[in-house]
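These are my notebook entries on one protein structure. I set down what I looked up, in the order in which I looked it up.

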Amino acid sequence: DDLQIYHDGSNSYVQDSGTGNLIIAGSAVNILNAAANESMLRCTENGAVELWYDNSKKLETASDRVNITGHMIATGTVKGTKLSVDDNNKATFGNGDDLQIYHDATNSIILNNNGHLKLRANTVHLNNNADNETMALFTADGAVELFHNNSKKFETTSGGCTVTGDLLITDDLTVQDNLLMGD
């Protein structure tokens, strides 16, 4: 009685007694609906495993990826080395797609539709694409520094701010306290 195939009046069973694995062998395995006109699962030797919903393929394995048609909802932790999303497809977060990260084939976009977009770190560096030039530097409990061509031009200090180079003012300048002029 290690393997039983039976019907109990309501359901049909293929049951292994637990003495080993239930192995279904073949170059291709297809599980269809009761009418045998809709795919539910397809497994191909040396090929893809496909999951179907209402005769529409939703998930397919390939040699280097998993293809998902439709939305993927992760309720736990997704771990791995890379998440790849094609152009104009979005990684969305929140019940109303509040945060969206995507590439539109020309630009990379982080879109926040609700509340504040917060970057939380002790130090935030904004660098150029080659990562060899600083554009801005923000330090917790310290300075905000702005750069032009990797040369610092503006920095906040505990006493105010420092401008390196010329300061061009194109409108009125209002001075609240004493104005000290240097050389």
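**Entry 1: The hairpin of β1 and β2**

I began with a bridge partner and found that Leu3 is matched with Asp16 in β2. I note at once that the model is a predicted one. I then looked up the two strands themselves: β1 covers residues 3-7, β2 covers residues 12-16, and they pair in the antiparallel sense over five bridges. I recall that strands of a sheet pair through backbone hydrogen bonds, either parallel or antiparallel. Between β1 and β2 the hairpin has four residues, and Gly9 takes a positive phi near 100 degrees there.

**Entry 2: The hairpin of β9 and β10**

I turned to a second hairpin. How many bridges join β9 and β10? I found five bridges, with β10 spanning residues 108-112 and the pairing in the antiparallel sense. His103 stands opposite Ser108 in β10. This hairpin has four residues between its strands, and in it Ala105 has a positive phi near 80 degrees.

I then examined Gln100, which has its place in strand β9, residues 99-103. Is Gln100 buried or exposed? I found a relative accessible area of 8% for Gln100; the cut-off for buried is under 20%, so Gln100 is buried. I also found a polar contact of 2.9 Å between the side chains of Gln100 and Lys90.

**Entry 3: The sheet from β3 to β7**

I traced an open sheet of five strands in the order β3-β4-β5-β6-β7, with antiparallel pairing. The edge strands are β3 (28-32) and β7, each of which pairs on one side only. On average, neighbouring strands of this sheet are turned by 15 degrees against each other, direction ignored. I looked more closely at β6 and β7, which pair in the antiparallel sense over three bridges. Here Thr61 stands opposite Val66 in β7.

**Entry 4: Positive phi in two loops**

I reminded myself that most residues other than glycine have a negative phi. I therefore recorded two residues with the opposite sign, in view of that general rule. Asn46 has a phi near 55 degrees, a positive value in a residue other than glycine. Where is Asn46 found? I located Asn46 in the loop between β4 (39-44) and β5 (49-53). Asn46 has a relative accessible area of 81%, and is exposed.

The second residue is Asp54, with a positive phi of about 50 degrees although it is not a glycine. Asp54 lies in the loop between β5 and β6 (56-61). The relative accessible area of Asp54 is 58%; exposed means over 50%, so Asp54 is exposed.

**Entry 5: The sheet from β11 to β15**

I then traced another open sheet of five strands, ordered β11-β12-β13-β14-β15 and paired in the antiparallel sense. Its edge strands are β11 (123-127) and β15 (160-163), and each pairs on one side only. From one strand to the next the twist averages 10 degrees. Within this sheet I looked up β12 (residues 134-139) and β13 (residues 144-148), which pair in the antiparallel sense over three bridges. Leu137 stands opposite Glu145 in β13.

I also looked up Asn127, which is found in strand β11. Asn127 has a relative accessible area of 28%; this value lies between 20% and 50%, so Asn127 is partly exposed. I recorded one long-range distance: the C-alpha atoms of Asn127 and Leu22 are separated by 56 Å, and the two residues are 105 residues apart along the chain.

**Entry 6: The largest pocket**

My last search concerned the largest pocket, which has a volume of about 1400 Å³. Which residues lie nearest its centre? I found Ile68, Met72, Leu83, Ser84 and Val85 there, out of 28 residues that line the pocket. The elements giving two or more residues to this lining are β7 (66-68) and β8 (90-93). The largest share of the lining, four residues, comes from β8. By class I recorded 10 nonpolar, 11 polar and seven charged residues in the lining of the largest pocket.

How values were computed. Residues numbered from 1 in each chain as written. Predicted model: local features only at pLDDT ≥ 70, side-chain atom pairs only at ≥ 80, totals over all residues. Heavy atoms only, no water. 1 Å grid on protein atoms, 1.4 Å probe; cavity = no way out; pocket = protein on both sides within 12 Å on 5 of 7 lines; lining within 4 Å. Points joined across faces, edges and corners; volume = space filled by probe spheres on them. Nonpolar A, V, L, I, M, F, W, Y, C, P; charged D, E, K, R; others polar. Pairing = 2+ DSSP bridges. Axes fitted to C-alpha atoms, helices over the stretch in contact; angles between N-to-C directions. Buried < 20%, exposed > 50% of the residue type's maximum accessible area, 1.4 Å probe, protein only. Polar contact = N/O pair within 3.5 Å; in protein donor to acceptor, adjacent residues only side chain to side chain.
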